[in-house]
Amino acid sequence: MLVALGVTGGIGAYKAVEVARGLQKRGHEVVAVMTHAATKFVGAVTFEAITRRPVITDQWDPGANADIEHISLASSIDLLLIAPATANVIGKLANGIADDFLTTLYTATRAPVLVAPAMNSQMFSHEAVRRNLDRLAADGVRFVEPGEGYLACGWVGKGRLAEPDEICAAAEALLRPGTTLAGIRVLVTAGPTLEDLDPVRFIGNRSSGRMGFAVADEATRRGALVTLVAGPTSAPAPAVHELVRVRGAEAMHAAVMQHAATADIVVMAAAVADYTPTVVAGQKVAKADGDLTLVLKRTPDILKALGQRRAASGGPAVLVGFAAETEDVVASARRKLERKQVDLIVANDVSRADAGFDVDTNAVTLVSQGGAEDVPLQSKARIAAVILDRAEQLLLVRRAAPPTPDPLKV
Ligand code: PMT
């Protein structure tokens, strides 16, 4: 497949050489498109030698207009990858400014676009840059988040270009969407659990199943063998390898513990009840004068049990949980990440009307040991794709260095 590798003027430009090699190793052709500023950091000859193709550095290069090159390249590439992407170029892309070859190529192509930002941490968190990133995400652009650590400018924070392997993995996910999870077993939970009080009444919640279903659907599209454990949902379930319907939290616990034993990735999007009635009446409870007191007991915390089992005796390489919160969203998600021993928490601010329960859109923050990444409001299908991009990256890391089970942990 043909990848246009856009290189812009940041110190991370030298890493783009490794990205070009990594893409080639995966069997792709690369054509490098450098901005003028990028050539101040790395010579075009370096990319030419690696890619064995002429490097485009100027809209006005002789020959660049013989077949209106930005248009012909735009229609022949399978992916436009920009790494590193500076704040300046991100701003131009977000606002449709096409004043050089790269930004013109962006507006002309209909290929998927993957952007790996890299800049000073203060710049990365600036409102203007956040706004531009949000706008690009809403336009369908995908991102490889920058890393945290020591930056070339001497600061410590988030802004360093992601590692070449991570960028190549994200590119691969877009280039071969049907194959990146081929042979991988993914277990997804979705929907509410309903806790029966008597034969006609229950305690439930507003989960429709849509978020978990979007994850299951996207994983299937990527070639995974998906087992979907779903509560009683109002939305229809997608076609998956195996669908297991359950009603209450106890049944979901049993199904998940059984199927997680062979899963590589588990994504717990279900809204599992934390409490269930201590007794389920055999007959419809008749009304009487006065109040009715219900006594509830805790349900098993399924995600925590998975985290504990993995720490003690191994298990799914990647554990992803959700967190539905109405306040201190990210702080609560961080606590859940630690307490449940999982790799990623998808934090949902469910106080928003356009996100969380029973709507088609969501806005989340992905919380991991590496930091927190905001994923702005978009369709649940797109949110699912971002979650699986991250899960795939975690899977690669885990496969390279599997965790050693701790015999002292239970
Ligand atoms: O289904 P939709 O209408 O599309 O709505 C999507 C959603 C809002 C349900 C979804 O995005 C979401 O946030 N799901 C998690 C809801 C939830 O139960 O959050 P929590 O913070 O209570 O639980 C934290 C994590 O522990 C979750 O992964 C949950 O699945 C898991 N859990 C919770 C309780 C329990 N007894 N066992 C668990 O495993």
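**Exercise 1.** In this predicted model, find which residues of the largest nonpolar core touch the most other members.

*Solution.* Start with the membership: this core holds 35 residues. Next, look for the members with the most partners inside the core. They are Leu181, Val186, Val226, Leu228, Ile265, Leu366 and Ile387. Then ask which elements supply two or more residues. Among them are strand E8 (185-190), strand E11 (225-230), strand E13 (265-268), strand E18 (361-368) and helix H14 (380-400). Helix H14 gives the largest share, seven residues. As background, nonpolar side chains in soluble globular proteins tend to be buried together.

**Exercise 2.** List what leucine 366 contacts, leaving aside neighbours within four places in sequence.

*Solution.* Work with heavy atoms within 4.5 Å. One set of partners is Leu344, Ile345 and Val346. Another is Gly371, Ala372, Glu373 and Val375. Val386, Ile387 and Arg390 complete the list for leucine 366. Now step away from this core. Apart from it lies another core, of 32 residues, including Leu23, Ala83, Cys168 and Leu174.

**Exercise 3.** Trace the order of the five-stranded open sheet, then place helix H6 against its strands.

*Solution.* Read the order as E2-E1-E3-E4-E5, with parallel pairing. Mark the edges: strand E2 (29-34) and strand E5 (142-143) each pair on one side only. Check one pair. Six bridges join strand E1 (residues 2-7) to E2. Glycine 6 has valine 33 in E2 as its bridge partner. Finally, add helix H6 (residues 101-108). Helix H6 lies across E1, E2, strand E3 (79-85) and strand E4 (113-117). H6 runs at about 140 degrees to E3.

Technical notes
Residues numbered from 1 in each chain as written. Predicted model: local features only at pLDDT ≥ 70, side-chain atom pairs only at ≥ 80, totals over all residues. Heavy atoms only, no water. Core = buried A, V, L, I, M, F, W, Y, C linked by side-chain atoms within 4.5 Å. Buried < 20%, exposed > 50% of the residue type's maximum accessible area, 1.4 Å probe, protein only. Helix = DSSP H or I, 4+ residues; strand = E, 2+ residues; numbered from the N terminus. Pairing = 2+ DSSP bridges. Axes fitted to C-alpha atoms, helices over the stretch in contact; angles between N-to-C directions.
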